[in-house]
Amino acid sequence: MVRAALILLMLALPAGAAPPQRVVSMNLCTDQLALLVGAPGQVVSVSWLAADSRVSLMPDAARAVTLNHGLAEEIYLLQPDLVLAGTYTTRATVDMLRRLGLRVETMAPAASISDVRGGITHMGALLDRPERAAEVLAGFDAALAAIPSGSGAKAATYGANGWTAGGQTLAGDVMRAAGLRLLAERLGLDYGGSLALEQLVLAGPELVITASRYALPSRAEEILHHPALTALSARRVTVPDRNWVCGLPHIADVARELAR
């Protein structure tokens, strides 16, 4: 199945197209996926966010190449033969670069484990690295297969402003893979949303997953210090934002830890 998908994607590329030699990415998620799949020296620039260890799993690899801020002028001067971007980010830059004749490919954010698998395969096709993509995908599938059976605990993510992830999100799908039952789905928040602290307490979750905390004070995060939340009998664990903000193979490790 993987090989068939790779063949179809390769056939979709322009006939006779040479593998891209100077790839520039300007989205945190395409940054890391390109660094993971690309050949040495193939990726010449990634976004500055990829070098931030608070949100990126590959800061050292990112710092080894040129960092960009998603500006059309700086991207163009890098003379890329392929530019990678997210579907919803830097739209003005994407439009300008396309008008300048550069090849720009956009990738939608992953909303499921299936999307992660597809993203790995697609990146392999874009970079003309199908063998490397297949290798990454095989490792990812092996890690998914090794996830232990979960407890079926009722769980919820809880972050700034009471935001919780729904079942139709990547975090939600990872939680399902860990054998957890999503409180958000019971409350009709399939795509996530703000969950009042009163709702969370009354629902009686058995596991509450909080996000990264940042050094600067934030009123949005003060809800995580509320006495009602700290008094819950639910077990609390923290999953750093960088571990599942993007559709990378590392999400299998997150699922394994949540299942444990």
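In the second largest pocket of this predicted model, helix H13 provides the largest share of the lining, 5 residues. The volume of this second largest pocket is about 270 Å³. Its lining comprises 19 residues, and those nearest the centre are Leu207, Val237, Glu257, Leu258 and Arg260. Two elements, strand S11 (235–238) and helix H13 (251–259), give two or more residues to this lining. Sorted by class, the residues lining the second largest pocket are 10 nonpolar, 5 polar and 4 charged.

The largest pocket has a volume of about 910 Å³. A total of 38 residues line the largest pocket, with Ala110, Leu170, Trp244, Val245 and Cys246 lying nearest its centre. At least two lining residues come from each of several helices, namely H2 (28–37), H6 (113–126), H8 (170–177) and H12 (241–244). The strands that likewise supply at least two residues each are S6 (154–158), S7 (163–164) and S10 (207–210). In the lining of the largest pocket, 24 residues are nonpolar, 12 are polar and 2 are charged.

Helices H2 and H6, which both contribute to the lining of the largest pocket, also pack against one another. Their axes come within 10 Å and cross at roughly 65°, and the crossing of H2 past H6 is right-handed. On the H2 side, the contact is made by Thr30, Leu33, Ala34 and Val37. The residues of H6 that they meet are Gly119, Ile120, Met123 and Gly124. This contact between H2 and H6 consists of 5 nonpolar and 3 polar residues, with no charged residues.

Helix H8 is another contributor to the lining of the largest pocket, and Leu170 in H8 is one of the residues nearest the centre of that pocket. Because 6 of its 8 residues are buried, H8 is largely enclosed by the rest of the structure. The buried positions in H8 are Leu170, Ala171, Gly172, Asp173, Val174 and Met175. Among the helices, H6, H12 and H13 pack against these buried residues of H8. Strands S6, S8 (181–182) and S10 also pack against them. Just after H8, Gly179 adopts a positive phi of about 80°.

Positive phi values also occur outside glycine. Most residues other than glycine have a negative phi. Gln79, which is not a glycine, has a positive phi near 55°. Gln79 is located in the loop between helix H4 (72–77) and strand S4 (82–86). With a relative accessible area of 63%, Gln79 is exposed. Asp128 is likewise a residue other than glycine with a positive phi, in this case near 60°. The loop between H6 and helix H7 (130–145) contains Asp128. Asp128 has a relative accessibility of 31% and counts as partly exposed.

Beyond this loop, Ala134 lies in helix H7. The relative accessible area of Ala134 is 29%, so this residue is partly exposed. Ala134 is separated from Arg117 by 17 residues in sequence, and the C-alpha atoms of the two residues are 9.9 Å apart in space.

Notes: Residues numbered from 1 in each chain as written. Predicted model: local features only at pLDDT ≥ 70, side-chain atom pairs only at ≥ 80, totals over all residues. Heavy atoms only, no water. 1 Å grid on protein atoms, 1.4 Å probe; cavity = no way out; pocket = protein on both sides within 12 Å on 5 of 7 lines; lining within 4 Å. Points joined across faces, edges and corners; volume = space filled by probe spheres on them. Helix = DSSP H or I, 4+ residues; strand = E, 2+ residues; numbered from the N terminus. Nonpolar A, V, L, I, M, F, W, Y, C, P; charged D, E, K, R; others polar. Axes fitted to C-alpha atoms, helices over the stretch in contact; angles between N-to-C directions. Left-handed = near helix turned anticlockwise from the far one by under 90°. Contact = heavy atoms within 4.5 Å. Buried < 20%, exposed > 50% of the residue type's maximum accessible area, 1.4 Å probe, protein only.
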